[in-house]
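Okay, everyone, thanks for coming. I'd like to walk you through one model today, so let me put it on the screen.

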Amino acid sequence: MTKKEKVGLNLIYSHSGRRRVYETYKKTNPEMAQKYLEFIAKNQAVQYIKWNDHKKKFTA
């Protein structure tokens, strides 16, 4: 795990909503959970996150 991903994981677990979303993704779709973690790590200040099904990635 990279340093940036560790920071993203810390941000996820410090926010109850993000933690719930991340844990749900880990149970149902681990690949999507990894993409969520990467997105949070790169975009730390984003409040609203959506999944773009066409591009298969998260967007702000």
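Let me start at lysine 42, which sits in helix 3, the run covering residues 30-42. Quick reminder before I go on: this is a predicted model. Is lysine 42 buried or exposed? Its relative accessibility is 62%, and the cut-off for exposed is over 50%, so lysine 42 counts as exposed. It also has company, since Lys4, Lys42, Lys55 and Lys57 form a positive surface patch. If you're thinking about electrostatics, that's one spot to click on.

Okay, zooming out to the whole fold. How many helices and strands does the protein chain have? There are 3 helices and 2 strands, and reading from the N terminus the order is α-α-α-β-β. For overall dimensions, the C-alpha trace spans about 30 × 25 × 20 Å along its principal axes. The radius of gyration is 11 Å, and a compact globule with 60 residues would come in near 10 Å, so the two agree. As for the interior, buried residues account for 27% of the 60 residues.

Now the salt bridges. The count comes to 2, so let's take them in turn.

One of them is on helix 3 again: lysine 35 pairs with glutamate 31, and the closest N and O atoms are 3.7 Å apart. The cut-off is 4 Å, so that distance passes. How far apart are these two residues along helix 3? They are 4 residues apart, which is about one turn of the helix. The two partners fall into separate accessibility classes: lysine 35 has a relative accessible area of 25%, so it goes down as partly exposed, while glutamate 31 has 55% relative accessibility and therefore counts as exposed.

The other pair is lysine 56 with aspartate 53, whose side chains meet at 3.1 Å, N to O. Where is lysine 56? Look in the loop between strand 1, residues 50-52, and strand 2, residues 57-59. Lysine 56 is partly exposed, because its relative accessibility is 42%. Here's something for the backbone people: lysine 56 has a positive phi of about 60°, although it is not a glycine. So when you get to that loop, take a look at the backbone as well as the side chain.

Next, helix 2, which covers residues 16-28 and holds valine 21. Valine 21 has a relative accessible area of 30%, so it's partly exposed. What is the C-alpha to C-alpha distance between valine 21 and alanine 33? That distance is 8.5 Å, with the two residues 12 apart in sequence.

For another pair, go to the start of the chain. Methionine 1 is in the segment before helix 1, which runs over 3-13. With a relative accessible area of 60%, methionine 1 is exposed. Its C-alpha atom is separated by 15 Å from the C-alpha atom of isoleucine 12, and those residues are 11 apart along the chain.

So, places to revisit on the screen: the patch of Lys4, Lys42, Lys55 and Lys57, the lysine 35 and glutamate 31 bridge on helix 3, and the loop with lysine 56 and its positive phi. That's it from me, happy to rotate the view for anyone.

Definitions and conventions
Residues numbered from 1 in each chain as written. Predicted model: local features only at pLDDT ≥ 70, side-chain atom pairs only at ≥ 80, totals over all residues. Heavy atoms only, no water. Patch = residues over 30% accessible without salt bridge, like charges linked within 9 Å, V, L, I, M, F, W, Y side chains within 5 Å. Areas by Shrake-Rupley, 256 points an atom, 1.4 Å probe, with all protein chains shown as cover. Lys, Arg positive; Asp, Glu negative; His and termini not counted. Charge placed at Lys NZ, Arg CZ, Asp CG, Glu CD. Buried < 20%, exposed > 50% of the residue type's maximum accessible area, 1.4 Å probe, protein only. Rg over C-alpha atoms; globule rule 2.2 N^0.38 Å.
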